[in-house]
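The following paragraphs guide a reader who meets this structure for the first time. They begin with one residue, turn to the overall architecture, and then consider individual sites in turn.

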Amino acid sequence: MRKKLKILFILILLLVLIAGGFALGVYLRLFDTQALNEEYGLHELPIIGEYFVPPAGRDHAAAPAETAAPAPAGAAAAAAPKKAPQTVKITKEEIEKQQKEREAAEKKRVTKLARLYNDMKAADAAKVMESLDIDLCIAILQRMDEGNAAKVMAAFEPERAAQITQIIYEGVPQRTKNARNAAAAAVPGVEQGEEAEPQQ
């Protein structure tokens, strides 16, 4: 009885080692599973087949055979040239809707950041916000409690605090201002702050 159990244990251990070795070979890409699937039809096996995709070549080869059987009208339609893919048209309403969704998501993220900065000490918050983009810094400050925002502003370097104050007063984000200045610089003979005269 002991001898039979020992043999059974050895067989089970051998089976586990073989299966584990095969799995390790697949994981380490020692075996080409795609070639094995095509050669032995592993995708058709009951349990293992779930892990294999049917080879593409067989599906494409079977498809023309099935379409060739119908009436000649079907063959004439298949011989007709394929139409070029249609371009996707997006309406103005869809663009506005997507823009509103993006703005709402951005507002939500900024509000969450403002809550985080509200919970920080003013000096620590100012230290972190010194390295942030100025527009993001302003957006966060505007969503913070006024008392906490004032403490953070007081902890900033004087130049940074003055710059933030100026931008908040003007109500124009820095990147918009930079874009306007760049556009003005692109027009020859126009200095920053001047409007280009319309050509007649």
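**A guided reading of the model**

At 37% relative accessibility, I168 counts as partly exposed, because that value falls between the limits of 20% for buried and 50% for exposed. The residue belongs to helix 9, which covers residues 158-170. Beyond its neighbours up to four places away in sequence, I168 touches I138 and Q142. The second of these partners, Q142, stands 26 residues away from I168 in sequence, and the two C-alpha atoms are 9.0 Å apart in space.

With this starting point in hand, the whole may be considered. The model is a predicted one. The protein comprises 10 helices and 0 strands, and from the N terminus on its elements read α-α-α-α-α-α-α-α-α-α. Of its 200 residues, 17% count as buried. Among the contacts with a separation of 6 or more, 44% are made by residues 24 or more positions apart.

How is the packing of two helices described? Two packed helices are characterised by the angle between their axes and by the distance between those axes. Helix 6 (residues 122-130) and helix 8 (residues 146-155) offer an example: their axes come within 8 Å and cross at roughly 60°. The crossing of helix 6 and helix 8 is right-handed. On the side of helix 6, the contact is made by A122, A123, A125, A126 and M129, while helix 8 contributes K151, V152 and A155. By character, the residues of this contact divide into 7 nonpolar, no polar and 1 charged.

Several sites in other elements may now be examined. Is N118, in helix 5 (residues 92-119), buried or exposed? N118 has a relative accessible area of 16%, and it is therefore buried, since the limit for that class is under 20%. When residues up to four places away in sequence are not counted, N118 touches M144, D145 and N148.

A further site is D135, which is found in helix 7 (residues 134-143). Its relative accessibility is 9%, so D135 likewise counts as buried. Which residues does D135 contact, leaving aside its neighbours within four places in sequence? They are P173, Q174 and R175.

The next site lies outside the helices. F52 occupies the loop between helix 2 (33-40) and helix 3 (56-68). F52 is nevertheless buried, because its relative accessible area is 18% and the class requires a value under 20%. Not counting residues up to four places away in sequence, F52 touches T33, N37, L42 and H43. A distance along the chain can also be set beside one in space: F52 and E38 are 14 residues apart along the chain, and their C-alpha atoms are separated by 9.8 Å.

Finally, the aromatic rings deserve attention. How many aromatic pairs does a search of the whole structure find? The search finds 0. A charged residue does, however, lie over a ring: R160 is placed over the face of F156, at 6.0 Å from the ring centre.

Note on methods: Residues are numbered from 1 along each chain as its sequence is written. This is a predicted model: local features need pLDDT of at least 70, side-chain atom pairs count only at pLDDT 80 or more; totals for chains, interfaces and linings use all residues. Side-chain values use heavy atoms; hydrogens and water are left out. Axes are lines fitted to C-alpha atoms, for helices over the stretch in contact, and angles run from 0 to 180 degrees between N-to-C directions. Helices (H or I, at least four residues) and strands (E, at least two) are DSSP runs, numbered from the N terminus. A crossing is left-handed if the near helix is turned anticlockwise from the far one by less than a right angle, and right-handed if clockwise. Contact means heavy atoms within 4.5 Å. Ala, Val, Leu, Ile, Met, Phe, Trp, Tyr, Cys and Pro count as nonpolar, Asp, Glu, Lys and Arg as charged, and the others, Gly among them, as polar. Buried means under 20% relative accessible area, exposed over 50%, partly exposed in between (1.4 Å probe, protein chains only). Rings of Phe, Tyr and Trp (its six-membered ring) pair if their centres lie within 6.5 Å; planes under 30 degrees apart count as stacked, over 60 as edge-to-face and the rest as tilted. A charge sits over a ring if NZ of Lys or CZ of Arg is within 6 Å of the ring centre and within 35 degrees of the ring normal.
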